[in-house]
Every structure is written in structure tokens, then in C-alpha cells.
Amino acid sequence: MSDAHDYLRRIGGLIRASRKHRGWTQAQLAEALGTSQSAVNRIEHGHQNLSLDMLSRIGDALDSEIVSIGHTGPMHLRIVGGQQLSGSIDVRSSKNAGVALLCASLLNKGRTTLRKVARIEEVNRILEVLGSIGVRTRWLNDENDLEITRPATLDLSTMDVEAARRTRSILMFLGPLLHELDRFELPYAGGCDLGTRTIEPTLTALRPFGLAVKAHEGFYHADVDREIVPTRAIVLTERGDTVTENVLMAAARHPGVTVIRNASSNYMVQDLCFFLGELGVRVDGVGTTTLTVHGVAELDRAVDYAPSEDPIEAMSLIAAAIVTSSEITVCRAPIEFLEIELATLEEMGLDYTRSEEYPAANGHTRLVDLTVRPSTLRAPLDKIHPMPFPGLNIDNLPFFAVIAAVASGATLVHDWVYENRAIYLTELTKLGAHVKLLDPHRVYVEGPTHWSAAEVICPPALRPAVVILLAMLAAKGTSVLRNIYVIDRGYEQLAQRLNLLGARIETFRDL
Ligand SMILES: CC(=O)N[C@H]1[C@@H](OP(=O)(O)OP(=O)(O)OC[C@H]2O[C@@H](n3ccc(=O)[nH]c3=O)[C@H](O)[C@@H]2O)O[C@H](CO)[C@@H](O)[C@@H]1O
Ligand SMILES: C=C(OP(=O)(O)O)C(=O)O
């Protein structure tokens, strides 16, 4: 086969996958392009030469950047650091609520509309999985509103296993699926590589709903015994987010009252509770560690919900202002989920102001605009460590390493949660920081740092990768950050949005 034909065949495959992802037939795509169904068929099989104009029209019609770019090699960033940033930036909706709500849409026989969903790779993977099992999803506009319509019966045999394996969120199919399938399989979950991330608490917590899971050869094999229903409160062995969300989703369609104790009250869990409320499932105790769910056997409503802003993105932007010594206003920051972080930063000497509070589109979450100004920071007296909400968020902890690097003095950052995340923070030494790994859970950071530009490959964990990017923004000269898929998993157009604040970041791929 010639190179050109192979290339056309690969592009055709991408177009076909993209079209199916949108839930379109060849005829529908043909109509959108003003061509015939047989032409689309030829394109998808690589039997038709494609002009750049046609490729970009297909990209527009299918809303797929991959097609308009036409190749899929890893993406990298080239950063000219040392620029001062300025201006204001809106925080987008959260990755973690986005993926939870996509999974929760499976509970609803009616149409689900989610407003301003983060258009990130993690969401794309779940959309691919949903599309592959027969769920129709459609981006409605440039605002990232998303419509989800599930079929009466789901066909798991056609699941896009490759997409499923790339996200940890696939675990959140367990709760919704146990209501409609007696037996099913899900591939092992992926996500950030942070050392062993157990799923045992999830399996234990779903057992009272009759779910038994055996892990075997890359798949979780699930069996549901409908005779078994919860008879007492479900006590979580860990106050985890995913486990809490799974139990909430299982309880939502269990006709009766389910009490969940030691529940996470973190931001994505709260968004899920509010969404369930819109679906007709009352959840008492939102924001506390005891949730009482008044389940309803059949959920069938046209539901419209706007997940709230991402506290981790807000923290990332605050950290960007701090390390580049810039004045930035971070608008729409969910203050309730940033209070400990801000109190800690205030103690370190951060000069910032916050606006009056105003409600998020979900009507519940409290937002503020935060203006962060250049400050001279000192290391905190005590170690910095995360706790379940309302503590300092574990996903915000890595940002304290790069902030500690610009503060004078020594800071101990203690990540007791993950077996293998702190280790990635030592990559900051490549940019001139003094970061010492004391043991797998603790790093010692000595500042202030004289940053120097470097070339680094993204560690396989989202937040540490962003931390490296922030250090590159601070380092004078040109840095290169390779393989940024891991960042795109959780942030929407981060480089482009930082550029609007005055950063100089260019995206490129290997040829
Ligand atoms: C899609 C999503 O929402 N992902 C978030 C979710 O992942 P997720 O809920 O999947 O988090 P994990 O289940 O991996 O839990 C995090 C880690 O904390 C440990 N642990 C957790 C709670 C506890 O009370 N004791 C304890 O030891 C777990 O063993 C695990 O090692 O929560 C994590 C912790 O907030 C966040 O980093 C992730 O961004
Ligand atoms: C750990 C994270 O994500 P995930 O659970 O998707 O791996 C994160 O958001 O930092």
C-alpha cells in the first residue's frame, strides 16, 4: 500500500470514528458537507483524495480538531518564560464534576443537558465510551453545552475499551449500570499514575446493592444479585470522591432511603448531589459526611444542569500569578473549596483581594473573583499537607511545591494520600529548584529559586505536569514540555488561555 493511500485510510478511520462519536450516519455527515453519502463512504475508506478545504469542513462539521489537523502525534509546548502576566481569566467548570455527571447521565432515561462542560481529553474519553455503547452525545454550541440521550438498552459489547482504559472515571459506570444489567464487564480503570489506587473501597461500598466484582485479565467482571439491597447505613472505609459518587448513583435508583456515612463532601460530590436533585432524587446532608438519598426506581426527566467551576484550575491560575510575580484576577473561583489554600498562602505573605460572593450557575456554589498581586513569600512554619474537604485539596498540594520554590526558606510538603505523586515534584530540579525527596510521601523545598529554562517530558500525572509548566513560565529563556496529553486531560486550552494573559506558549507536534 502506498504511503499516500495509507494516510488517506488513517484519516478516513479518524473521520469515521469522529462521525460515530457524534452519533451521525454517513448520510447526515454528507448532508452537513453538501456531498453524497457514497462520497462520505469513499472518504471513510481512504478511497477519495481530500483537499485541505474539505478536511477543514469535515473538522468543522464533526467538531473534531484531530481531523482538521490531520495527524495524531504527541503534542508538546514551547515556552518562552520570564514574561509577566496580567489581566483576568475565568475559571472553567471542573473535570471531576464533568466526568461524574457524564456517568450519572446513564441513570436518566430522559434527555440530559449539561452546561459549559469542560472540553478536555478526560471528558472526550468518557464521551467515546458513551458513544460506543449507544449513548448519543452532542455539543450544542461554542459555550460547551452538551446534550446526552441514552438508548433504552445499553450495549456494552461494543464498548470502546481503549478509551475506557485511559480514564479512572470509567469506575463510575458501576453505580449506574448495576441497576440495569445483571452481569457486565468494565475494563480496568486508568487515570493519573499515582501509584496503586485501590478500588476496594468502591467494591465494598457497592456490595450492599448486590454487586459482586471479580478482577480478571484486565476486566472487572460484575454480577448483580437483585435480592440483596442495603439494610443499614453504608459506611465508607475511605472518604474518597469516586467511591462516594458511585454509592450516590447506586442509591439514586434504589427505591428506598440509603444513608451513606464517611462520605466525601468534596466539590464534585456536591455537584452530583445537586444534579440528582434536579433528576428528582432528594439528597439530604450535601456538604457533610452523612448523605441521605431518597432513591427513585425509574429516572426519566429532561434535566438541565451546570456543573460548577473547578477549584483546582483556580488554584493552578493563582499559582501561575505567584510564580511569575504577576497581578492576575482569577474570576469565578469557587471560594468554599479554596479557603484553606488561601489561608495558607496568606500566612506565607500573599497579597490578594477577593470580591463579594456570587452564586454559580448551579445556584448553590459560591464564587468570588480573586486578585492576586506580586508578593514576597516566605516558607510556612508548618508542613503543608492535604485533608479530605474541607481540608487543603490533595489535587492542590502539588501547586504548593512550586509556590514553596519561590518563597524564601524551607517548606515540607507531605502527600500522605498518594503513593507516588510527590516523586514527580522533583522534576522541578531540572528548572533549578531545590526539591529533595525525603521519602515517597514527603518533599523538602528550599527557595527562593533562580529558575532556568529546560526541556522536560511531562510526568504521567496531571497536576505535577502543570506544576512543571508553571515553573517554565517563570524561567527566563525557552523551555520545552513534551507529551502534554496528560495536561489536556484536565485543562481546556490552558496554553492558549495563559497566552491571553501574556504568556508565550506555542503548541507543536513532531512531524
Ligand atoms: C475523577 C476524580 O474525581 N478524581 C479525583 C478523585 O479520585 P478518586 O476518588 O479515584 O481517588 P482515589 O480513590 O484514588 O483516592 C485517593 C487516594 O486517597 C486515599 N484515601 C482517600 C480517602 C481517604 O479517606 N483515605 C485514603 O487513604 C486512597 O486510598 C487513594 O490512594 O479523588 C482524588 C482525591 O481527592 C483526586 O485526586 C482525583 O482528582
Ligand atoms: C488525580 C487526578 O485525576 P484522576 O482521578 O482523573 O486520575 C487529578 O485530577 O489530579
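**Helix pairs and odd backbone spots**

Modeller: Let's start with two helices: the axes of α6 (residues 95-104) and α7 (residues 121-132) come within 9 Å and cross at roughly 5 degrees. This is a predicted model, where local features need pLDDT of at least 70, side-chain atom pairs count only at pLDDT 80 or more, and totals for chains, interfaces and linings use all residues. Residues are numbered from 1 along each chain as its sequence is written, while chains are lettered from A and ligands numbered from 1 in the order in which they are written.

Colleague: Why are α6 and α7 called roughly parallel?

Modeller: Angles under 35 degrees count as roughly parallel, over 145 as roughly antiparallel, 65 to 115 as roughly perpendicular and the rest as oblique. The crossing is roughly 5 degrees, so α6 and α7 are roughly parallel to each other.

Colleague: Which residues make that contact?

Modeller: Lys-95, Gly-98, Val-99 and Leu-102 of α6 meet Glu-122, Val-123, Ile-126 and Leu-130 of α7. Being in contact is about C-beta atoms, placed from the backbone, that lie within 7 Å.

Colleague: What makes α2 and α3 roughly perpendicular?

Modeller: The axes of α2 (residues 26-33) and α3 (residues 37-44) cross at roughly 105 degrees and come within 8 Å. That angle makes α2 roughly perpendicular to α3. On the α2 side, the contact uses Gln-26, Ala-27, Leu-29 and Ala-30, and on the α3 side Gln-37, Ala-39, Val-40 and Asn-41.

Colleague: Why is Glu-217 called exposed or buried?

Modeller: Count the neighbours! A residue is buried if 20 or more other C-beta atoms lie within 10 Å of its own, exposed if 12 or fewer, and partly exposed in between. Glu-217 has 6 other C-beta atoms within 10 Å, so Glu-217 is exposed. Glu-217 sits in the loop between β7 (211-216) and β8 (219-224), and its phi is near 45 degrees, a positive value in a residue other than glycine.

Colleague: And what do you call Asn-483?

Modeller: Asn-483 has 16 other C-beta atoms within 10 Å, so Asn-483 is partly exposed. Asn-483 isn't a glycine either, yet has a positive phi of about 55 degrees. Look for Asn-483 in the loop between β22 (477-482) and α17 (485-488).

Colleague: Where are the cis peptide bonds into Pro-390 and Pro-448?

Modeller: One runs from Phe-389 to Pro-390, with omega near 15 degrees, and Pro-390 is in the loop between β17 (366-373) and α15 (397-406). Another runs from Gly-447 to Pro-448, with omega near 0 degrees, and Pro-448 is in the loop between β20 (442-447) and β21 (455-457).

Terms used:
Axes are lines fitted to C-alpha atoms, for helices over the stretch in contact, and angles run from 0 to 180 degrees between N-to-C directions. Helices (H or I, at least four residues) and strands (E, at least two) are DSSP runs, numbered from the N terminus. Two residues are in contact if their C-beta atoms, placed from the backbone, lie within 7 Å.
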